[in-house]
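Colleague: Got a minute to walk me through this one? I'd like to get my bearings before I do anything with it.

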Amino acid sequence: MLTGATGSLGAHILYQLVGSPKVRKVVCLSRASSHADSLDRILDSLKIRRLVLADESKLVSYSSNANTANLGLSEEEYASIEEEVTDVIHVSSSLIYSSTFA
Ligand SMILES: NC(=O)c1ccc[n+]([C@@H]2O[C@H](COP(=O)([O-])OP(=O)(O)OC[C@H]3O[C@@H](n4cnc5c(N)ncnc54)[C@H](OP(=O)(O)O)[C@@H]3O)[C@@H](O)[C@H]2O)c1
């Protein structure tokens, strides 16, 4: 599971993970109005950086809010993450250092 894929470092990490034969799936969590919007934002971020995923079907993207219960996901989505996720890479980071961020 990866956060921050709409940003610079996260986009590059996503690119590397998807290109690795050891990684079956990358679940990205990002701020967005919907899961479709989350995916669009990540694909835009990759495009801007000229990063082409080796296999886009490995990417699953959820709109999420780290400050709400179950990360803002449905019970089913959260349960699937609990069951499937083996590693968490938390890259999202507010670069406004005077504000709080979970
Ligand atoms: N870029 C580098 O070369 C580099 C190298 C070493 C370390 N780092 C560190 O890695 C971290 C990310 O850097 P970056 O260059 O990738 O920054 P960035 O391009 O500004 O990306 C920041 C990411 O964090 C998310 N984010 C920011 N505030 C958030 C919030 N309140 N809630 C949820 N998500 C939030 C952004 O999501 P939205 O798209 O929704 O805003 C975006 O995905 C920073 O701590 C930086 O110091 C970066």
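Modeller: Sure, we can go from the overall fold to the helices, the ligand and a few single residues.

Colleague: What kind of model is it, predicted or not?

Modeller: It's a predicted model.

Colleague: OK. How many helices and strands are there in the chain?

Modeller: The chain has three helices and four strands. Going along the sequence, they come in the pattern β-α-β-α-β-α-β.

Colleague: And the overall dimensions? What does the C-alpha trace span along its principal axes?

Modeller: About 35 × 35 × 25 Å. The radius of gyration is 13 Å, which agrees with the value near 13 Å that a compact globule of 102 residues would have.

Colleague: How much of the chain counts as buried?

Modeller: 24% of the 102 residues. As for contacts between residues at least 6 apart in sequence, 68% of them join residues at least 24 apart.

Colleague: Let's do the ligand. How many residues surround it, and which are the closest?

Modeller: There are 14 around the ligand, and the closest are Thr 6, Gly 7, Leu 9, Ser 92 and Ser 93.

Colleague: What's the make-up of that shell, in terms of nonpolar, polar and charged?

Modeller: Nine polar, four nonpolar and one charged.

Colleague: Which element gives the most to the shell?

Modeller: Helix H1, residues 8-19, with three residues.

Colleague: Stay on H1, then. Which of its residues are buried?

Modeller: Gly 10, Ala 11, Leu 14, Leu 17 and Val 18. They cover an arc of only 130° around the axis, so they sit on the same side of H1.

Colleague: Why would residues three or four places apart point the same way?

Modeller: That's general helix geometry: an α-helix has 3.6 residues a turn, so residues with that spacing point the same way.

Colleague: Fine. What do the buried residues of H1 pack against?

Modeller: Strand E1 (2-3), strand E2 (26-30), helix H2 (35-48) and strand E3 (59-63).

Colleague: How far does H1 reach, and what would you expect?

Modeller: H1 has twelve residues and reaches 17 Å from its first C-alpha to its last, close to the 16 Å expected at 1.5 Å a residue.

Colleague: There's a histidine in there too. Is His 12 buried, exposed or partly exposed?

Modeller: His 12, which is in H1, is partly exposed, with 16 other C-beta atoms within 10 Å. If you want a long distance to check, the C-alpha atoms of His 12 and Glu 83 are 26 Å apart, with their positions 71 residues apart along the chain.

Colleague: Switching to H2. How far does that one reach?

Modeller: H2 has 14 residues and reaches 20 Å from first C-alpha to last, close to the expected 20 Å.

Colleague: And which of its residues are buried?

Modeller: Ser 38, Leu 39, Ile 42, Ser 45 and Leu 46. Their arc around the axis is only 125°, which puts them on the same side of H2. On the other side, Ala 36, Asp 44, Lys 47 and Ile 48 are exposed.

Colleague: What covers the buried residues of H2?

Modeller: The cover includes H1, E2 and E3.

Colleague: Pick one of those. Why does Leu 39 count as buried?

Modeller: Leu 39 has 20 C-beta neighbours inside 10 Å, and 20 or more is the cut-off for buried. The C-alpha atoms of Leu 39 and Tyr 62 are 7.3 Å apart, though the two residues are 23 apart along the chain.

Colleague: What about just past H2?

Modeller: Arg 49 is in the loop between H2 and E3. With 12 C-beta neighbours inside 10 Å, Arg 49 counts as exposed. The C-alpha atoms of Arg 49 and Ala 11 are separated by 8.0 Å, across 38 residues of sequence. H2 is also followed by Arg 50, which has a positive phi near 55°.

Colleague: Which residues in the loop between E3 and H3 should I look at?

Modeller: Asn 70 and Leu 71 both have their place there. Asn 70 isn't a glycine, yet its phi is positive, about 55°. Leu 71 also has a positive phi, near 60°.

Colleague: Are those two buried or exposed?

Modeller: Asn 70 is partly exposed, with 14 C-beta neighbours inside 10 Å. Leu 71 is partly exposed as well, with 17 other C-beta atoms within 10 Å.

Colleague: Great, thanks.

Key:
Residues numbered from 1 in each chain as written. Predicted model: local features only at pLDDT ≥ 70, side-chain atom pairs only at ≥ 80, totals over all residues. Near = placed C-beta within 6 Å. Helix = DSSP H or I, 4+ residues; strand = E, 2+ residues; numbered from the N terminus. Nonpolar A, V, L, I, M, F, W, Y, C, P; charged D, E, K, R; others polar. Rg over C-alpha atoms; globule rule 2.2 N^0.38 Å. Contact = placed C-beta atoms within 7 Å. Expected span 1.5 Å × (residues − 1). Arc of directions from axis to C-beta.
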